[in-house]
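Okay, thanks for squeezing me in. I'll put the sequence and the structure up, and then walk through a few spots I looked at.

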Amino acid sequence: MASPKQIVIKESMAELKRLLKNASLLIAPRLRVLIEIKRAGEAGISKRELAAATGVNHNSAQTWRTLYSKGGINAICSHNRKGFKKSVFTKEQHNAIEKKLQDPKNGLR
């Protein structure tokens, strides 16, 4: 069996816990993975043990380890998710629908 991948976490445990406390729901599991790697120390921890300890998929744990190795804490704490899609209706259409809905005599049913 192969030995676990060795990753050195540069941040202190206190700094990781502080980041975890202020992290969003998307970033928190990534930071928990880093904390577990830091706890394992020089012995290292396999991606499957890491996944079991943090409650994430082993592929996610592997992805986040690689992401940290290549980009550090800044790469872990950022994501590429965007906001909501733009509305299908224009402002004028939205106002017309709102006006129609608020009309007590001639509203939509």
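**Helix 3 and what surrounds it**

So, let's begin with a pair of helices: the axes of helix 3 and helix 4 cross at roughly 110° and come within 8 Å. That makes helix 3 and helix 4 roughly perpendicular to each other, because 65 to 115 degrees is the window for that word. Before I go on, keep in mind that this is a predicted model.

Who makes that contact? On the helix 3 side you've got Lys47, Arg48, Leu50 and Ala51, and on the helix 4 side His58, Asn59, Ala61, Gln62 and Arg65. By type, the residues of this contact split into three nonpolar, three polar and three charged.

Now stay on helix 3, which runs 47-54. Which of its residues are buried? Leu50, Ala51 and Thr54 are. Looking down the axis of helix 3, the buried residues fall within an arc of 100°, so they line one face of the helix. Flip to the face turned away from that buried side, and you meet the exposed residues Arg48 and Ala52. As for what covers the buried residues, that includes helix 2 (28-40) and helix 4.

Right after helix 3 comes glycine 55, with a positive phi of about 80°. Glycine 55 sits in the loop that leads from helix 3 to helix 4 (58-76). Buried or exposed? Glycine 55 counts as exposed, because its relative accessibility is 65% and the cut-off is over 50%. Its C-alpha is 9.4 Å from that of valine 33, and those two residues are 22 apart along the chain.

Next, the core. In soluble globular proteins, nonpolar side chains tend to be buried together. Here, the largest nonpolar core has 17 residues, and Ile9, Leu34, Ile37 and Tyr68 have the most contacts inside it. Helix 2 and helix 4 each supply at least two residues of this core. Take leucine 34: skipping neighbours within four places in sequence, leucine 34 is in contact with Ile9, Leu16, Tyr68, Ile73 and Ile76.

Last stop, histidine 79, in the loop between helix 4 and helix 5 (91-102). At 39% relative accessibility, histidine 79 counts as partly exposed. What does histidine 79 touch, not counting residues up to four places away in sequence? The partners are Leu26, Ile27 and Arg30. For leucine 26, the C-alpha separation from histidine 79 is 8.3 Å, with their positions 53 residues apart along the chain.

That's my tour, happy to go back to any of it.

Methods
Residues are numbered from 1 along each chain as its sequence is written. This is a predicted model: local features need pLDDT of at least 70, side-chain atom pairs count only at pLDDT 80 or more; totals for chains, interfaces and linings use all residues. Side-chain values use heavy atoms; hydrogens and water are left out. Helices (H or I, at least four residues) and strands (E, at least two) are DSSP runs, numbered from the N terminus. Buried means under 20% relative accessible area, exposed over 50%, partly exposed in between (1.4 Å probe, protein chains only). The arc is that of the directions from the helix axis to the C-beta atoms. Contact means heavy atoms within 4.5 Å. A nonpolar core is a set of buried Ala, Val, Leu, Ile, Met, Phe, Trp, Tyr and Cys residues joined through side-chain atoms within 4.5 Å. Axes are lines fitted to C-alpha atoms, for helices over the stretch in contact, and angles run from 0 to 180 degrees between N-to-C directions. Angles under 35 degrees count as roughly parallel, over 145 as roughly antiparallel, 65 to 115 as roughly perpendicular and the rest as oblique. Ala, Val, Leu, Ile, Met, Phe, Trp, Tyr, Cys and Pro count as nonpolar, Asp, Glu, Lys and Arg as charged, and the others, Gly among them, as polar.
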